[in-house]
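Where does a protein hold its ligand, and where does it leave empty space? The following paragraphs consider these two topics in turn.

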Amino acid sequence: MMPGRQIIVLPGNADLGTRLADAIGIETGTVQVQRFPDGETYVRLDASVAGQAAILACSLDRADDKLLPLLFAASAARDLGATSVGLVAPYLAYMRQDRRFQPGEAVTSAYFARILSRHFDWLVTVDPHLHRRVSLGEIYSVPAMTLHAAPLLADWIAREVQNPLLIGPDGESEQWVAPIARAARAPHIVLDKIRRGDRDVEVSIPAVERWNRHTPVLVDDIISTGGTMIETIGHLKAAAMKPPVCIVVHGLFVGRAYADLIAAGADRVVSTNTIPHPTNGIDMVPMLAQAVRKIAGTG
Ligand code: R5P
């Protein structure tokens, strides 16, 4: 066991936290989170962090519920004598609103980054949804290490899918679908996507008939409502393509999204384990462990 470091596992992150600690060779502690009858949050660290570097493990899907307990846990770790407090958040929330589109709107990606930067000394995450930003360094004032799942997605596709045709949802996806396709030695196309509302997307698909011997593989960084993929599957069906495989980095699967995707005709759905879900089939823990070793000086 390497002394001086500890993974503190937030509720709902047991698999991530314990496997990360095993991979790095350090101990784990946990955090109890309870609600008082009036809805306020009680937090207690089951760990002695005095003189140790505390590494909090908490994926930030459903961030509104998780943020306050996480910030309390980070503050408690510091109060109890942790020498530093880092955060491993395989999914990083609040990347969407990176501009003021309408007068008066809150630019929440910047505000969220400011809050986390005040509480943590560093951050490790996987493929944050950067739209108009180039890197997390533009909004995070602490070291923020970004990992890329692309090589693992490419390996999975090369191993699991015969004769794949990769399909990215929009022009923005070209930059990461193209390298995945190259690594998987597969052709790729990207679609045009118009988003009219949170649950209303329209995609237009180029002529795909020439690929009808291929297995379509829809690749995206996030599945939220499933609307983008479901709409794409409709077009693929109309073009008499084979049932597609859907592969995603962060499977948020809001509400009935997963059931709806299957009902729409997805043959298989696979996600990385940045967010726990039955579709998790691509393991990010070894890559996360390597990153934590580097940033927290554990190896
Ligand atoms: C958008 O820019 C993202 O890459 C995803 O396409 C989007 O978040 C998917 O959302 P939904 O599943 O709700 O269509």
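In this predicted model, strand 12 contributes the most residues to the shell around the ligand, namely four. Strand 12 spans residues 215-223, and the other elements that give two or more residues to this shell are strand 10 (192-197) and helix 6 (227-238). The residues around the ligand include H129, K193, R195, D220, D221, I222 and I223, together with S224, T225, G226, G227 and T228. By character, the shell divides into six polar, four charged and two nonpolar residues.

Which residues of the shell have polar atoms facing oxygen atoms of the ligand at short range? An N or O atom in the side chain of T225 lies 2.6 Å from a ligand oxygen atom. For the side chain of D221, the corresponding distance from an N or O atom to an oxygen atom of the ligand is 2.7 Å. In G227, a polar backbone atom takes this part, at 3.5 Å from an oxygen atom of the ligand. On its own, the ligand has 380 Å² of accessible area, and the protein covers 89% of it.

The second topic is empty space. The structure contains one cavity of 30 Å³ or more, and the volume of the largest cavity is about 50 Å³. Its lining consists of I167, G168, P169, L218, V219, D220, T228, M229 and T232. Strand 8 (164-168), strand 12 and helix 6 each give two or more residues to this lining. Five of the lining residues are nonpolar, three are polar and one is charged. D220 and T228 appear both around the ligand and in the lining of the largest cavity.

Conventions
Residues are numbered from 1 along each chain as its sequence is written. This is a predicted model: local features need pLDDT of at least 70, side-chain atom pairs count only at pLDDT 80 or more; totals for chains, interfaces and linings use all residues. Side-chain values use heavy atoms; hydrogens and water are left out. A residue is near a molecule or strand if one of its heavy atoms lies within 4 Å of it. A polar contact is a pair of N or O atoms within 3.5 Å; within protein, one must be able to donate a hydrogen and the other to accept it, and residues adjacent in sequence count only if both atoms are side-chain atoms. Accessible areas come from the Shrake-Rupley method with a 1.4 Å probe; for residues, only the protein chains shown count as cover. Ala, Val, Leu, Ile, Met, Phe, Trp, Tyr, Cys and Pro count as nonpolar, Asp, Glu, Lys and Arg as charged, and the others, Gly among them, as polar. On a 1 Å grid over the protein atoms alone, a cavity is a set of points where a 1.4 Å probe fits but cannot get out, and a pocket is an open set with protein on both sides within 12 Å along at least five of seven lines; lining residues have an atom within 4 Å of a point. Grid points are joined across faces, edges and corners, and a volume is the space filled by probe spheres set on the points.
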